[in-house]
Each structure stands twice: as C-alpha cells, then as structure tokens.
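Please open the structure in your viewer and keep the selection panel at hand. The stops below proceed from the whole chain to the ligand.

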Amino acid sequence: MIEIAPRTFQVEGRDEADRALANEIVVLVRAKPDLVLGLATGTTPVGVYRELVRLVGTGELDLARVRTFNLDEYLGLERNDPAAFRARMQAMLFGPARIPLARTDLPACDVQRKGEAAECERYERAIEAAGGIDLQLLGIGRNGHIGFNEPGSERATRTRIVELDATTREDAAAAFGGLERVPRRAITVGIATILAARRLRVLAFGPHKASIVRATLEGPICTAVPASFLREHSDVEFWLDRDAARELVRVPSNRV
Ligand code: F6R
C-alpha cells in the first residue's frame, strides 16, 4: 500500500484494502463494542464484509453489540424481496457475522407513499439517537453518486426520497434480472448525513471507476459529482486499486 496523495491509498490488490479496513474496524470495535457502522451495498464493499465474517469466525472480532445503518434502500419492493438491500446485507454480513437483527437498520423498502416522509425522518432520527455514525464505508457510483445521492444533489441534503439515474438503474439491472424490474425510486441518506460521520472510508476498484475517481479527487467540489464533497471531511480516506487510480494526474509519476 502506498499513499499516493494525502489520505489516498493505492493498494496492489483489493484484498489489501479489504484487510486494512476490516482491521481498522477490529481496532475500533475493541475500543467501543457498540460502534456505529455506516454500511454500503453494491460490489465494492463485499470483500470487507467477507473479511469481517472471517474474523468473527476465528473469534478475533465480535460484532454482537455494534449498530449498523445502511446508506440506502430501493422503494416499492416487498419486505422480503431478495433484491432489496436488507436481504442482501442479511445474507452477506448480518447473518454470517452474527449481528442481531435489532441492531441493524435500513430505510424500509415497502413503505407506502403517504408514509415516505415519516420514514425518512425516522431514519435520520435513528442515526442521531445512536450517537451518529463512527465509521462510514462508501463506494462511488460510475456517475459520482454516494449512497443514492445522484448528480445534482446538494451538500445540505438529509435522508429523503430520490429518483434513480439511468446509469444507476442500468448498473442494478443484473441484480434485478432486467432493467424494467429495477425500481425507479429509493430512500437515501443525504450528503450532509454522510459528512456528519466521524470517519469516512471510501473504496473504488477497477478500470470502470478510473474517470469518476479522477473527477472525485481532482475535479471541482460540486453537485455534479456528489463524491467530490467527501474531500471536505477532516477524516476521510480513499482506498483505490491501481486500475481505479490510473487516471489521477496530480500524483507523483513514480507511484507504481
Ligand atoms: C450502495 C450505494 C452506492 C454504491 C455505488 C457503487 O448502497 O450506496 O452508492 O456504493 O453505486 O456501486 P458498486 O460498488 O456496485 O460499484
């Protein structure tokens, strides 16, 4: 691992980032067993979750007392739909890492239209009542979204209903078995909600993330690239593999 720019780490392979982040969580949970974790779905964090499950299995980590809040959830799905983020998190992390159901939270995917505003308010209050997020894991969408804060999202946004961008829906098509089945709306925490976390750990892997990583780290901080707001946080780290870092220009050329 090398620090190619302030708070920006390039790893040889993504498993190096997975281990580094899982180890940071181990240290934090030992100091504070009821750590409040902000979690993401998508493909980016799966290696971190796999490593956390392994560490729980070996007895090096106990997640029984942590609290978790996910960034986002699709709207218009049945509660037990296997494509809902709740179901995916249960299968990938909560179940195998033995995190009690009552200590996990995501926005509801099956809330009725008239209850949507109340659900957003509930979620924001629940994070506050837990004492705020200690460590937030994040991936970056190809269009620069964080959570489901699509381009155009303001820095001051809080948990709310959003319409998903075309690229976001395309990227989700495989998981739903076709584009027409991907929900058009979702609940996401806001950019201000994300920036209120005490630590932000952002992961980006693969050549398809190279141009958005460059826009995030080296472009203007603006609503067109919501991930660019992450640079304003005082404790943010970006973990990139070589492919995702390859379009960065303001880093020393001897980095590889
Ligand atoms: C998912 C989420 C999204 C993803 C982003 C990257 O909960 O919040 O912002 O992190 O779309 O997705 P992947 O990791 O699949 O490339």
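The tour begins with the protein as a whole and then turns to the ligand.

This is a predicted model, in which local features need pLDDT of at least 70, side-chain atom pairs count only at pLDDT 80 or more, and totals for chains, interfaces and linings use all residues. Residues are numbered from 1 along each chain as its sequence is written, and side-chain values use heavy atoms, with hydrogens and water left out.

**The whole protein.** Select the protein and display it as a cartoon: 8 helices and 11 strands appear (DSSP runs, H or I of at least four residues for helices and E of at least two for strands). The radius of gyration, taken over C-alpha atoms, is 17 Å, close to the 18 Å given by the globule rule for 256 residues, so the protein is as compact as a globular protein of that length. That rule is 2.2 Å times the number of residues to the power 0.38. Along the principal axes, the C-alpha atoms fill a box of roughly 55 × 45 × 35 Å.

**The ligand shell.** Next, select the ligand and the residues with a heavy atom within 4 Å of it. This shell holds 13 residues, the closest being T41, T44, D72, H145 and K209. By class, 3 are nonpolar, 8 polar and 2 charged.

**The polar contacts.** Now select D72 and K209. A polar side-chain atom of D72 lies 2.7 Å from a ligand oxygen atom, and a polar side-chain atom of K209 also lies 2.7 Å from an oxygen atom of the ligand. Finally, select T43, where a backbone N or O atom lies 2.9 Å from an oxygen atom of the ligand.

Note on methods:
A polar contact is a pair of N or O atoms within 3.5 Å; within protein, one must be able to donate a hydrogen and the other to accept it, and residues adjacent in sequence count only if both atoms are side-chain atoms. Ala, Val, Leu, Ile, Met, Phe, Trp, Tyr, Cys and Pro count as nonpolar, Asp, Glu, Lys and Arg as charged, and the others, Gly among them, as polar.
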